[in-house]
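Work through the exercises below with the sequence and coordinates open. Each task is followed by a solution in steps.

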Amino acid sequence: MALLFFKPRGEVFIDTDNIDIAKIEVKGFKMYQIKENVTDAIIVGNQAIQYRDHEIFNNILISRFLENGQFEDVRASRVYRKQDIYRFTNGVDYKKSDGISFVSQTGVLNLKTEVFNGKGEFELKNSQGVVNGIDVVYDKKKEIVKAKKIKSKIRLD
């Protein structure tokens, strides 16, 4: 039996043509995010590709368990992530166990500022009704939702 050891050369990939080469690609994956010994999120997807400064995810479902015993799901066919910025280029579908759901044609989520900027049509549903419009902006910290061409159906019980 022979064991060979090679001295690492530093960078695994050398980018000589200024073309960003994927560092890793995973297909058919399931990942668990752990925080304080508790599963915080489960991410299931068809494909994830990591480049030097960004990642691309295809056909993913992210399920998170919230502190109040509820859970939320985010589905997207394509997500581009760079640091704290997530770009949903082919739409995003959000559902929460309390009945709130949200769909946007495209959008950008900044995790640091907790602001989602949607482009195109969106729909927001909850037990009180349905809101449709275009170009939604949701600021979680300020608890503000803005949009254009808003149409709403409210249930009065």
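**Exercise 1.** In which strand is the place of Glu 72? Determine also its burial class and its contacts.

Solution. The model is a predicted one.
Step 1. Glu 72 is placed in strand 4, which covers residues 71-82.
Step 2. The relative accessible area of Glu 72 is 12%. Buried means under 20%, so Glu 72 is buried.
Step 3. Setting aside neighbours within four places in sequence, Glu 72 is in contact with Ile 62, Ser 63, Arg 64, Leu 66, Tyr 94, Lys 95 and Lys 96.
Step 4. For one of these partners, Lys 95, the C-alpha atom is separated from that of Glu 72 by 5.6 Å, with the two positions 23 residues apart along the chain.

**Exercise 2.** What is the volume of the largest pocket, and how many residues line it?

Solution.
Step 1. The volume of the largest pocket is about 1,600 Å³.
Step 2. Its lining has 39 residues. Nearest the pocket centre lie Arg 64, Glu 72, Tyr 94, Leu 109 and Lys 140.
Step 3. Sorted by type, the lining holds 25 nonpolar, 3 polar and 11 charged residues.
Step 4. Strand 3 supplies the largest share of this lining, with 6 residues.

**Exercise 3.** Describe the secondary structure and the overall burial of the protein chain.

Solution.
Step 1. The protein chain has 0 helices and 10 strands.
Step 2. Its pattern along the sequence is therefore written with β alone: β-β-β-β-β-β-β-β-β-β.
Step 3. The chain has 157 residues, and 26% of them count as buried.
Step 4. Take the contacts with a separation of 6 or more: residues 24 or more positions apart account for 25% of them.

**Exercise 4.** How many residues does the largest nonpolar core have, and which strand gives the most to it?

Solution.
Step 1. The largest nonpolar core has 15 residues.
Step 2. Phe 29, Phe 57, Val 79, Phe 88 and Phe 116 have the most contacts inside this core.
Step 3. At least two core residues come from each of strand 2 (38-50), strand 3 (55-65), strand 4 (71-82), strand 5 (85-88) and strand 8 (115-126). Strand 4 gives the most, with 3 residues.
Step 4. Phe 29 can be followed outward. Not counting residues up to four places away in sequence, Phe 29 touches Ile 43, Val 44, Gly 45, Asn 46, Gln 47, Ala 48, Phe 57 and Ile 60.
Step 5. As background, nonpolar side chains tend to be buried together in soluble globular proteins.

**Exercise 5.** How many aromatic pairs does the structure hold? Classify the pair of Phe 88 and Phe 116.

Solution.
Step 1. The structure holds 3 aromatic pairs.
Step 2. In the pair of Phe 88 and Phe 116, the ring centres are 6.5 Å apart and the planes stand at 50 degrees. Planes under 30 degrees apart count as stacked and over 60 as edge-to-face, so this pair is tilted.
Step 3. Phe 88 is in strand 5 and Phe 116 in strand 8, so the pair ties together parts that are 28 residues apart in sequence.
Step 4. Both rings belong to buried residues: Phe 88 has 7% relative accessibility, and Phe 116 has a relative accessible area of 9%.
Step 5. Phe 88 and Phe 116 form one aromatic cluster with Phe 102 and Phe 122.

**Exercise 6.** Inspect the backbone at Glu 114 and Asp 135, then locate Lys 142.

Solution.
Step 1. Glu 114 has phi near 60 degrees, a positive value in a residue other than glycine. Glu 114 sits in the loop between strand 7 (101-110) and strand 8.
Step 2. With a relative accessible area of 30%, Glu 114 is partly exposed.
Step 3. Asp 135, also not a glycine, has a positive phi of about 55 degrees. Asp 135 is in strand 9 (residues 129-139), and its 18% relative accessibility makes Asp 135 buried.
Step 4. Lys 142 lies in the loop between strand 9 and strand 10 (144-154). Its relative accessible area is 59%, so Lys 142 is exposed.
Step 5. Lys 142 and Glu 114 are 28 residues apart along the chain, and their C-alpha atoms are separated by 9.3 Å.

Notes. Residues numbered from 1 in each chain as written. Predicted model: local features only at pLDDT ≥ 70, side-chain atom pairs only at ≥ 80, totals over all residues. Heavy atoms only, no water. Core = buried A, V, L, I, M, F, W, Y, C linked by side-chain atoms within 4.5 Å. Buried < 20%, exposed > 50% of the residue type's maximum accessible area, 1.4 Å probe, protein only. Helix = DSSP H or I, 4+ residues; strand = E, 2+ residues; numbered from the N terminus. Contact = heavy atoms within 4.5 Å. 1 Å grid on protein atoms, 1.4 Å probe; cavity = no way out; pocket = protein on both sides within 12 Å on 5 of 7 lines; lining within 4 Å. Points joined across faces, edges and corners; volume = space filled by probe spheres on them. Nonpolar A, V, L, I, M, F, W, Y, C, P; charged D, E, K, R; others polar. Phe/Tyr/Trp six-rings, centres within 6.5 Å; stacked < 30°, edge-to-face > 60°.
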